[in-house]
Amino acid sequence: MMPADEPPRVEEDGLTRKMTGDRRVHREMILEVANLTMRFGGLTAVSAVSFAASRGEITAVIGPNGAGKTTLFNCITGFYRPTGGAIRLHRANELPVDLHLLPGHRIARAGVARTFQNIRLFPGMTALENLLVAQHVKLMAATGFGIGAVLGLSRYPKAERQAVELARQWLSATNLLDRADDPAGALPYGAQRRLEIARAMCTEPALLCLDEPAAGLNPRESDELARLLLEIRGQGTSLLLIEHDMGVVMRISDRVVVLDHGKLIADAAPAAVQGDPKVIAAYLGEGDEDEEAEA
Amino acid sequence: MAYALQQLINGISLGMIYGLIAVGYTMVYGIIGMINFAHGDVFMIGAFIALITVLLLQLGGMMDGPAAILLVLLVSMAFTALYGWSVERVAYRPLRGSFRLAPLISAIGISIVLQNYVQVSQGARVKPIGTLVPGGVEVMRDGPFVVQFSYIQMLIIAVTLGVLAVFTILVTRTPLGRAMRACEQDSKMASLLGIDTDRTISLTFVIGAALAAVAGTLYMIRYGVIDFYIGFLAGVKAFTAAVLGGIGSLPGAVLGGLLIGLIETFWSAYFSAQYKDVAAFSILVVTLIFLPTGLLGRQEVEKV
């Protein structure tokens, strides 16, 4: 929380942030994970994990295969309903929202967007349409649930124009402007990854969750990705990412959370995590083989 | 030549009706991967509601002119849409996430329920109604044979094209249409983007039922007789049309409907009217064996 004697600088999006030099010291949280447990039958994939992601920061979740990272993600984004514990989203100037109690589409509306390890675009729709679908909630409200659009009411073209405008901004930010009208399924792999991020951003989330965004990218593409993520953070969106590419993680993360066998073993700045003996042991193994399947 | 032309006109107007019903099958299949076997009976409900509306209007002495026909069409669409919504809500939504056959069986059950409900409430006798739209245009005269393009056939073609045009705009240009296509391709992902998939599916049923109501109304006006059982045959033929066009494909459904209508009409004209259903259903069998994805259907690519 903000110390009382240091008045927060309020930016145009209502984000409070204080900088001392390059490092963010404030710890106002955007996402709170409290005592989260997820069991599949007898298998405990995530066990009593608690941490908080700070607003306006990039928080990385790392850990060996089967550590429960993706399960944690699926709980946060409503794919799974957690067995126990709570997940709360704290948006600026709003009451906290209990994500673990919401149905899937409400989580997105609350302000959480995600991308997938294996890309899940709508392959039969164009890149632009993929981004417009992401703005569905806004557009539906503007059109009287689609009826207005058929009748050609005046509010609709305006809302649609704004939606296209936002989509074009993200297409250009992700370097996809010239592919706007191509079917998403026909784009090259790296472009599909970027489009997925663009689509998530078009929901105008407070928190963007990325599941291994650098998987399968070449070093140049990874660099571009890192730049894109920093740009997104610069615009005031908080990020939570799972990543195996330690180069990317250490370069862009403000904070690193380490999971192993479903338990939290470290939660610190990147440099501190790198030297943590528990983390090194988890990655190099300590005899007992990791056989948990990552769900 | 004149005879063939007449059959062409008849075939196209019949095919349009099949096409309208087939769109309902194909839409529902596209979005939840289920064949809604009760859809034919929703068409029958549409015809009955249109009939009741016509009788009420006649009672009030207001059943004349295109405005009355339009009113009948709208009333039928509204009430049938309500039926479509209720069917989905009551019989299919509770079974979502259950095994694949469950909603299918539920659909067959609903089909029987609707048939019996109409039979009990409206009686089992065939309901005749006088000609509502008389007359037509003489297109061509070949000796004693006159090629007629009746006003009702024009009405069928015009209304169908109009409804399909609105429907196409709805699906391709509006947020609702995009949401429907998104749910079709990946409903879980769609919900992660904030789309209420349950509501989108409900709306799909509502739109499908409204289209079936248009078909039912046109059928009632064209043939002048309906009974509680018309939904079965029309439904199965429209299903054949949807399969022939490629189930899941909207233009395919219309194309399939037209083809089935034409084949059936020409078969009865040149071979035997008694065996016209054999012709239609042989196409179903042949399509399923040799062209399972249909004319415009796309090959399913399983991704891991």
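## Helix H6 of chain B and its contacts

In H6(B), B:Leu176, B:Ala179, B:Met180, B:Cys183, B:Ser187, B:Ala190 and B:Ser191 meet B:Thr197, B:Thr200, B:Ile201, B:Leu203 and B:Thr204 of H7(B). By class, this contact has seven nonpolar, five polar and no charged residues. The model is predicted.

How do the two helices cross? The axes of H6(B) and H7(B), the latter spanning residues 197-223, come within 10 Å and cross at roughly 135°. H6(B) and H7(B) are therefore oblique to each other. Their crossing is left-handed.

H6(B) also takes part in the contact between the chains. That contact draws 21 residues from chain B and 25 residues from chain A. On chain B, helix H5 (151-173) and helix H6 (175-192) each supply at least two residues of the side that touches chain A. Which helix gives the largest share of that side? H6(B) does, with 11 residues. By class, the side of chain B that touches chain A holds 11 nonpolar, five polar and five charged residues.

Now the record. An unreviewed UniProt entry lists "transmembrane region" for residues 12-35, 42-61, 67-87, 151-171, 201-222 and 279-297 of chain B. The table describes two of these spans in the model.

| Span of chain B | Distance between end C-alpha atoms | Helix | Strand |
|---|---|---|---|
| residues 42-61 | 28 Å | 90% | 0% |
| residues 67-87 | 30 Å | 100% | 0% |

Key. Residues are numbered from 1 along each chain as its sequence is written. Chains are lettered from A and ligands numbered from 1 in the order in which they are written. This is a predicted model: local features need pLDDT of at least 70, side-chain atom pairs count only at pLDDT 80 or more; totals for chains, interfaces and linings use all residues. Two residues are in contact if their C-beta atoms, placed from the backbone, lie within 7 Å. Helices (H or I, at least four residues) and strands (E, at least two) are DSSP runs, numbered from the N terminus. Ala, Val, Leu, Ile, Met, Phe, Trp, Tyr, Cys and Pro count as nonpolar, Asp, Glu, Lys and Arg as charged, and the others, Gly among them, as polar. UniProt positions are given in the numbering used here, feature names are shortened, and annotations may be inferred rather than shown by experiment. Axes are lines fitted to C-alpha atoms, for helices over the stretch in contact, and angles run from 0 to 180 degrees between N-to-C directions. Angles under 35 degrees count as roughly parallel, over 145 as roughly antiparallel, 65 to 115 as roughly perpendicular and the rest as oblique. A crossing is left-handed if the near helix is turned anticlockwise from the far one by less than a right angle, and right-handed if clockwise.
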